[in-house]
Amino acid sequence: MTTRAVVRGVGHYLPDRIVPNSEFETSLDTTDDWIRSRSGIERRHFAAEGQTTSDLAQRAARAALNDAGMQISEVDALIVATSTADLTFPSAATMVQAALGMTKGYAFDVQAVCAGFIYALANANALIVSGQARTVMVIGAETFSRIMDWSDRSTCVLFGDGAGALIVQAEDAAGTPQDRGILSTDLNSDGRYKDLLYVDGGVSTNSTGYLRMQGKEVFRHAVEKLADTAHAALGKAGLGADDVDWIVPHQANLRIIKATAQKMGLPMDKVVVTVQDHGNTSAASIPLALSVGKARGQIKPGDLLVTEAIGGGLAWGSVVLRW
Ligand code: UT7
């Protein structure tokens, strides 16, 4: 017998304002065609003025609770993966706690940029497997529109705002690859690549800063590392690519998503793709894709999912779970 962290509910929230690629054509030397062909992005959502990451997060959390048919009082731990918390402190997670009326348990943020949800989910799994929590809410939420340099066409057309939430709960299982729940995790980072994708400001440097990215280099690392981490996680679970029903990748670039699927020997009809509608929402992209994938009728109970992401750090990783 073993303990598995099994999915109980999923939900998401996207801000009302939808910005099509064409909106950038008026202010930048860019075209809808360039953005679509180089990234696959067609539109993205931007948070309203004054709308914060924790606001998006608490709305996604409510949707996940509703999906699970659960009350917030049943949640022991709440983790928010974000690089764009409302304030330097307290954590976005404690703000979500307050908004939801969660007065027991504990809440904290995880910051691993675009790989943040993978890191947060791996931590949730560790809390559950070690008996430190029974039910964990894992949220990915971002307002990357707040850290865009609107004069930099190579970055500002790529990102969007949003939030997704997943509730996982302890369940006794046989300890085989056929179990439901999280079957394996694989986390990696390599700080030698910290200058490829970063924000050029922060509290300790007394500035706010904007996102800076060497896109071509990040692209190269992504294609190389994502299939590797997915294979590593599948191997740890005693599974292979042939067992996968759905790849749920970080939604940064359709060309990266296609190249990763190809390297794994899997067709695109086994990949949940939302990048065209959301852009790159960093730590929110995977839970958003899980929620949309379920709502579309793609992800069904018993399906084997491999999720993978890479971002600033570089930090990357993968989680294998049976829905
Ligand atoms: O979520 C974290 C992980 N992030 C990623 O995975 C992002 C990884 N990188 C990428 O997705 C891609 O590298 C980009 C979409 C950022 C860029 O695609 P690319 O095929 O690597 O293009 P590039 O950087 O080689 O740029 C090609 C050209 C350049 O012009 P020159 O130097 O060839 O004359 C850029 O200046 O495209 C130009 N360019 C643009 N042109 C029109 C860059 N941005 C734009 C733009 N509109 N918005």
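The following dialogue examines how several descriptive terms apply to a predicted model.

Biologist: Why is Thr 82 called buried?

Modeller: The relative accessible area of Thr 82 is 5%, and buried means under 20%; Thr 82 is therefore buried. Thr 82 lies in the loop between strand 4 (77–81) and helix 4 (92–100).

Biologist: What makes the approach of the Thr 82 side chain to Glu 142 a polar contact?

Modeller: The side chains of Thr 82 and Glu 142 make this contact at 3.1 Å, and the cut-off for a pair of N or O atoms is within 3.5 Å. The side chain of Thr 82 also reaches the backbone oxygen of Ala 141, at 2.6 Å.

Biologist: Which residues does Thr 82 touch, apart from those up to four places away in sequence?

Modeller: They are Thr 53, Ala 92, Asp 109, Val 110, Gln 111, Ala 141, Glu 142 and Ala 283.

Biologist: Thr 53 appears in that list. How do you know whether Thr 53 is buried or exposed?

Modeller: Thr 53 has a relative accessibility of 1%. Buried means under 20%, so Thr 53 counts as buried. Thr 53 is found in helix 3, and its side chain makes a polar contact with the side chain of Thr 143 at 2.8 Å. With neighbours within four places in sequence left aside, Thr 53 is in contact with Thr 82, Thr 84, Asp 86, Ala 141, Glu 142 and Thr 143.

Biologist: Why is helix 3 called oblique to helix 4?

Modeller: Helix 3 (residues 53–68) and helix 4 pack at an angle of about 55°, with their axes 9 Å apart. Angles under 35 degrees count as roughly parallel, and 65 to 115 as roughly perpendicular. The angle falls in neither class, nor over 145, and helix 3 is therefore oblique to helix 4. The crossing of helix 3 and helix 4 is right-handed.

Biologist: Which residues make the contact of helix 3 and helix 4?

Modeller: Helix 3 contributes Ser 54, Ala 57, Gln 58, Ala 61 and Arg 62, and helix 4 contributes Ala 92, Met 95, Val 96, Ala 99 and Leu 100. By class, the residues of this contact are seven nonpolar, two polar and one charged.

Biologist: What makes helix 7 and helix 8 oblique to each other?

Modeller: The axes of helix 7 (residues 215–236) and helix 8 (residues 254–263) cross at roughly 40° and come within 9 Å. Roughly parallel requires an angle under 35 degrees, and roughly perpendicular begins at 65; the two helices are therefore oblique to each other. Their crossing is right-handed.

Biologist: Which residues form the contact of helix 7 and helix 8?

Modeller: On helix 7 they are Phe 219, Ala 222, Val 223, Glu 224, Leu 226, Ala 227 and His 231; on helix 8 they are Arg 255, Ile 256, Ala 259, Thr 260 and Lys 263. The residues of this contact comprise seven nonpolar, two polar and three charged.

Biologist: Why is Thr 176 called partly exposed?

Modeller: The relative accessibility of Thr 176 is 29%. Buried would require under 20% and exposed over 50%, so Thr 176 counts as partly exposed. Thr 176 is located in the loop between strand 7 (161–173) and strand 8 (181–189). Beyond residues up to four places away in sequence, Thr 176 touches Arg 4 and Leu 183. Thr 176 and Met 1 are 175 residues apart in sequence, yet 9.3 Å apart in space, C-alpha to C-alpha.

Biologist: What makes the backbone at Asn 206 and Ser 282 notable?

Modeller: Most residues other than glycine have a negative phi. Asn 206 has a positive phi of about 55°, and Ser 282 has a positive phi of about 50°. Asn 206 is exposed, because its relative accessible area of 73% is over 50%. Ser 282 is buried, because its relative accessible area of 1% is under 20%. Asn 206 sits in the loop between strand 9 (197–199) and strand 10 (211–213), whereas Ser 282 sits in the loop between helix 9 (275–278) and helix 10 (285–295).

Biologist: How do you know that the peptide bond from Phe 89 to Pro 90 is cis?

Modeller: Its omega is near 0°. Pro 90 is in the loop between strand 4 and helix 4. A cis peptide bond also joins Gly 313 and Leu 314, with omega about -15°. Leu 314 is in the loop between strand 12 (304–311) and strand 13 (315–322). In general, most peptide bonds are trans.

Notes. Residues numbered from 1 in each chain as written. Predicted model: local features only at pLDDT ≥ 70, side-chain atom pairs only at ≥ 80, totals over all residues. Heavy atoms only, no water. Axes fitted to C-alpha atoms, helices over the stretch in contact; angles between N-to-C directions. Helix = DSSP H or I, 4+ residues; strand = E, 2+ residues; numbered from the N terminus. Left-handed = near helix turned anticlockwise from the far one by under 90°. Contact = heavy atoms within 4.5 Å. Nonpolar A, V, L, I, M, F, W, Y, C, P; charged D, E, K, R; others polar. Buried < 20%, exposed > 50% of the residue type's maximum accessible area, 1.4 Å probe, protein only. Polar contact = N/O pair within 3.5 Å; in protein donor to acceptor, adjacent residues only side chain to side chain.
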